[in-house]
Number of protein chains: 2
Amino acid sequence: MSLTGQLLIGQRTVTGTRAEIQATDPATGKPLTPVYPGGGETEVDQACALAEAAFASYRESSLDERAMFLETIASEIEVLGDALITRAMAETGLPRARLEGERGRTCGQLRLFASVVRAGEWLDVRLDPPLPERQPMPRVDLRQRHVALGPVAVFGASNFPLAFSVAGGDTASSLAAGCPVVVKGHSAHPGTSELIGRAVHAAVAKCELPEGVFSLLFGAGNEIGQALVADPRIQAVGFTGSRRGGTALMQTAQRRPQPIPVYAEMSSINPVFLLPEALKNRGKEIAESFVAALTLGAGQFCTNPGLLLGVKGEALDAFLVAAGEAVKASAAQTMLTPGIHGAYEDGVGALAGHDRVREIARGQAGDGPYQCQAALFAAAADDFLADEALQAEVFGASALVVECADLQEMQRVAAHLEGQLTATLQLDDGDLEAAKALLPVLERKAGRVLVDGWPTGVEVCHAMVHGGPFPATSDARSTSVGSSAIRRFLRPVCYQNLPAALLPEALQDANPLDVTRLVDGRREL
Amino acid sequence: MSLTGQLLIGQRTVTGTRAEIQATDPATGKPLTPVYPGGGETEVDQACALAEAAFASYRESSLDERAMFLETIASEIEVLGDALITRAMAETGLPRARLEGERGRTCGQLRLFASVVRAGEWLDVRLDPPLPERQPMPRVDLRQRHVALGPVAVFGASNFPLAFSVAGGDTASSLAAGCPVVVKGHSAHPGTSELIGRAVHAAVAKCELPEGVFSLLFGAGNEIGQALVADPRIQAVGFTGSRRGGTALMQTAQRRPQPIPVYAEMSSINPVFLLPEALKNRGKEIAESFVAALTLGAGQFCTNPGLLLGVKGEALDAFLVAAGEAVKASAAQTMLTPGIHGAYEDGVGALAGHDRVREIARGQAGDGPYQCQAALFAAAADDFLADEALQAEVFGASALVVECADLQEMQRVAAHLEGQLTATLQLDDGDLEAAKALLPVLERKAGRVLVDGWPTGVEVCHAMVHGGPFPATSDARSTSVGSSAIRRFLRPVCYQNLPAALLPEALQDANPLDVTRLVDGRREL
C-alpha cells in the first residue's frame, strides 16, 4: 500500500487544502514523503456530520457485530505487515522490536475490547421489578442500561504511534462503547497514521458499517483540533500528550455551550520510594533496574520513573553511585521528534543549571541530531519542597533523586506531590510499616500503586488504571488503558414501565444477551 | 430541640458574622425566627480543613461502620419527630402529607445507601492474577478497587427540603462513598436544615466518627458557595437547582487549578409524547392524570411535565378541552419562596404575552401572596421550532402543548429538544411503531424514558437515572437519585504486585468483604 498523503473522511479519501505537515526521520533529521496537506473546518464538519449520521445505527449494532469489527481492525493492521513497522521506525526512531511489540499490544487491545463488548458487563444492566402491592405507593418496572455518548474526538499521541494513536486505546474503547471516532492524527507520524487509518477503513467496509464510524484528519497547528473539540456533534474527547496541549483542549471544551467529558492524559513524574531496608539490602540491583527502566525507549513514557525518594545516608549514597555509573554507561537513543528533543534538552538544562540541584551523571552523547543523553540529578527534600518547578515533567530519560532527612520528610514530600499516573514502592520485609504509612497518601496521588518493579509497563487488562489525579489526567475517575476505559464513553439510561416490545435487547426478561444483571440490588450471573 | 441560628462546623456550633438569612413563611409572607447570620471564607476554610482531616480515616471506615452511620442518621432524623415537619411546613408551604412522605423517602434513601455500602458492588473489585509463564513477558498481579474522591460540597435544593437537601441524596451518596460532606444549606429553609444538620451531628458523635465528616454552612448571596467550590480540599460538587446557579458553580470549578467533577442537576421540561392511538382511545383520562401530575406540589419538581406533543386534530383538540377544564378547576397552591413565585409569574407572563402562543386555561387564583395559579398553553410545532425561548423551563405548574402536523414533525421537535431528565410516551398498542421511531431520539435526550404514567415520581432504587444530557445536568454520565449515585464520588486505583500484608481488605484473596469480583474478566459472586 503506497501512502497518498490524504485525509480519510468516512470512506472517502480527501486531499487537504491547508498548511501541510511532513514527518521527519529523527535519526537523520531528513523529511519523509509524502507531505500531508492539512484539513480545516470543512473537513472537521464533514467528518463530524458522517460520525453523527453513523451513530444512530452503530450504537445499536449487535455485540457480536461490534466485536467482529474490532477484531477485523486488528487483522487488517496485521495484514499491513512490515510496511507498517518500517514506516513507524522511520517516523519515530523507535527500534523494530519495540514497534513489533507495540503492534502486538495494539491488536491485543482491540481483541480485548472485542471480548469486553461480548461479555456485556459494560451495559451495567439493572432491573428493579415492579412491586404492585407496595404501600403507600406501588413501584413500577424500572430497568437501566448504559448507552454510547456519541461521536468521540481522539488525538493520537507521539510516543506510542500504534497503541495510543489512530487505532489505540482511546479509539478501541470508543468503538467498543458504540461511539464513532474522528481521529486527529499526530503530526509526527502521518504515514503510520495513514496506514493504520486505511486498515480501519478496510474493516469498516468489510463489516458493512456506516462509513462515518471512523475518520482520520491531519492538520498543522491547533486549528483542526480546536474545531473538532468545539463541534457540537462531538460528545467526548480522548487525548494523550502534554499538559499544555491537554489544558488547551479542556479550555476549548469549557467554552462549548454543552459541557462534554475530556479525558486528557498529560503529565506525571511517577515517584518511586526507595524504602530503607530495600535500599540497604539491594540498592545496587535496584539502581541497575532503575536505570534500565529510566532509559527504556529513551524514557519517552508517561510512566517513566522521573522522581526517586530515599532517606539520606550511606545506602542512598551507594545507590547514587551505582545509578550514576549505569547512567554514564547508557547509550544515547534517538528521540521521537525534534520538538521532544528540544524540550528534553531544555528540561535537563534547567535542572543542570538549578543552584539547589546536583548533577549525578549524564549518559553517552549521541551522533545524530535528536539524541537523548540520559541524565540523573539529586536535590535535598527541603529544596524540592520549596520549588514547584522541580515537579515539572522532563519527558525523556531524566530523573531527580530527592534526599529526605528521614521517613517523616519522605511522607511530607509524598503529600506535597501533584497527581500522578503511578507511585512505586521499593521495599523489603522490614519496610512494611513505612509502606503502610505511605500507602494512603499514594492512593490519593496516583491511579496505580506498585511494589518493586517499575511503572513503565502498562498491562492491558481488567484491573489496570492508567489515570490519576490532575495533572496526570483531567478526570481521575477514568482510565485510558484496560477494559474499564470503555466506561468513559457511556451514560446510563433508565426505562420505566416499557412494554416488552419496546425494551432494548439488553433489558429483556429472558436476558438474550446473557449478561450479568443487578436484579433488585442482587448480582446475578 | 430549639433552633439556634448557628452553623455546624464539625461538632462545633458557630454563629456567623456575615449578612444574615431568614426564612419566610410563603403562605403568609411573614419572616420566621431565628435569623441565621451567614458564614464567610473563615467558616468555609474551617469546615474544609476538618473535612480533609476526617477524610483519611473516614474513607477507610469499615463497610459496616459506614452503613451504621447512614442508618443512625436516618434514626436521628426520625427522632426529630413532628418538630421537623412543622418547621418544614412553615418554611416551604408544602403540606404535611407530602413532607411526611418526603421524610420517609429521605430515611429510606439513607438506609438504601447503607445496604449499598454493605453489598460492596461500588468497590468494583477486579483481580487479574499473575501469569508468570506468559510469553514474551510475564504478567504481574494486578488488582483494582474504587476509593473515595475526597471532601464533597453539597448544595441543598429548595424544592425537596429533606430529600435533596442537608441529608438528601447527594449527602447520602457522598457519605456512602467515603467522602466527608460540607453542606451549603438552602436559604429558604434554614430551620429545617439546622434540625437535619443536628441529627447528622448527633449521628457523627454516636458513631464516634471524626467530626469533620459533616459540616453545615449558611450564607446570603453566592460568596460562601463560590468559596466552597473553589476550596482546594473540595474534590466534587453536588448541586440541585437552577440552570443559572448550576452554571455559575461549573464556572467557578473551571477556574480551579485542579479540575473537579461538578454534578449539577438543573433544568428540564420533561417532554410527554401523546401518541395518536392513546390520545384517541383515552385522551380525557390522560388529560386528567396529566393535570394531576402538572399541579402536584404546585409543579415544583425537576421532573414536572412542562411540554406535551401531539398531532393536530380532533383527538388533540378534545385533549386540550379536557386538560383546560382540569386546569381551570385546579386550586392555587403556595409556592416555595417569593423568588420562585416571582420567576413563575414571569415565565407564565412571557408565554401569555408570546404572539405565537395561545393560553388554553389558567387555574384558580389564590389568596396568599405567593400562590401558584396553574397555566396551560399551546403553540404550533413550527413556532416552537423557531423560538428557543419556548424551551425554557417555567418552574411551577405551567405546561405548553405543541401541536405537530404529523408524526414526522413530532420526531423533528423531539430531535430539536435540549437535554432532559425524562421523556414520556403515552401510547396504546397501535402506537408501537411510532414509539419505536421516537425511542432512539429520546434515549439521546433524556436520562429516563417512561411509558404511560408521569415523570414526577422518582423511585429511589438501583435502576433509577435522575440525570441526563445538558442542561438537565452538567454530567450525563451520572445520576443523583438511586444507588448508582455513589459512583459520582469514587475513582479507581490499581494495585500492582502488592504483598498480601499491604493489600486493602477489599482486594485480599480470601475476599473477606464477600463482594462480587471480576476475576480475569469473569464475573464471580
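This briefing covers strands, salt bridges, cysteines and two residue environments in the structure above.

The model is predicted: local features need pLDDT of at least 70, side-chain atom pairs count only at pLDDT 80 or more, and totals for chains, interfaces and linings use all residues. Residues are numbered from 1 along each chain as its sequence is written, chains are lettered from A and ligands numbered from 1 in the order in which they are written, and side-chain values use heavy atoms, with hydrogens and water left out. Over all chains there are 70 salt bridges and 0 disulfides.

**Strand β22 of chain B**

- Helices (H or I, at least four residues) and strands (E, at least two) are DSSP runs, numbered from the N terminus.
- Strand β22(B) spans residues 446–451, and 6 of its 6 residues are buried, so the strand is largely enclosed by the rest of the structure. Buried means under 20% relative accessible area, exposed over 50%, and partly exposed in between, with a 1.4 Å probe and protein chains only.
- Within chain B, β22(B) pairs in the parallel sense with strand β21 (residues 420–426) over 5 bridges; two strands pair if DSSP finds at least two bridges between them. Leu450(B) of β22(B) has Thr424(B) opposite.
- Across the chains, β22(B) is joined by 3 bridges to strand β23 (residues 490–496) of chain A, and the two run parallel. Here Val449(B) is the bridge partner of Tyr495(A).
- Helix α14 (residues 432–445) of chain B completes a right-handed β-α-β unit with β21(B) and β22(B). A crossover is right-handed if, with the strands pointing away from the viewer, the path from the first strand over the helix to the second runs clockwise.

**Strand β10 of chain B**

- Strand β10(B) covers residues 181–184; Val181(B) and Val183(B) point one way, Val182(B) and Lys184(B) the other way, and all are buried.
- One parallel partner is strand β9 (residues 152–155) of chain B, with 4 bridges to β10(B). Val183(B) in β10(B) faces Val154(B) as its opposite residue. From β9(B) the chain passes through helix α5 (residues 169–177) of chain B to β10(B), in a right-handed β-α-β crossover.
- Strand β11 (residues 214–217) of chain B also pairs with β10(B) in the parallel sense, over 4 bridges. Ser215(B) in β11(B) is the bridge partner of Val182(B). With helix α6 (residues 190–206) of chain B between them in the unit, β10(B) and β11(B) form a right-handed β-α-β arrangement.

**Salt bridges**

- A salt bridge is a side-chain nitrogen of Lys or Arg within 4 Å of a carboxyl oxygen of Asp or Glu.
- Arg59(A) and Glu60(A) form one, with closest N and O atoms 3.8 Å apart. Arg59(A) is buried at 8% relative accessible area, whereas Glu60(A) is partly exposed at 41%.
- Asp124(B) and Arg126(B) are joined at 3.4 Å between the closest N and O atoms. Both partners are buried, Arg126(B) at 5% and Asp124(B) at 10%.
- In the pair Asp231(B) and Arg233(B), the closest N and O atoms are 2.9 Å apart. Asp231(B) is buried, at 8%.
- Salt bridges with shared partners link Arg59(A), Glu60(A), Arg145(A) and Glu443(B) into one network.

**Cysteines**

- A disulfide is defined here as a pair of cysteine sulfur atoms within 2.5 Å.
- The cysteine sulfur closest to that of Cys179(A) belongs to Cys48(A) and is 13 Å away, too far for a bond.
- Cys179(A) is buried at 0% relative accessibility, and Cys404(A) is buried at 0%.

**Two residue environments**

- Thr334(B) lies in strand β16 (residues 333–334) of chain B and is buried, at 16% relative accessibility.
- The side chains of Thr334(B) and Gln371(B) make a polar contact at 2.9 Å. A polar contact is a pair of N or O atoms within 3.5 Å; within protein, one must be able to donate a hydrogen and the other to accept it, and residues adjacent in sequence count only if both atoms are side-chain atoms.
- Ser330(A) sits in the loop between α10 (314–329) and β16 (333–334) of chain A and is buried at 9%.
- Beyond neighbours within four places in sequence, Ser330(A) is in contact (heavy atoms within 4.5 Å) with Thr295(A), Gly363(A), Gln364(A) and Ala374(A).
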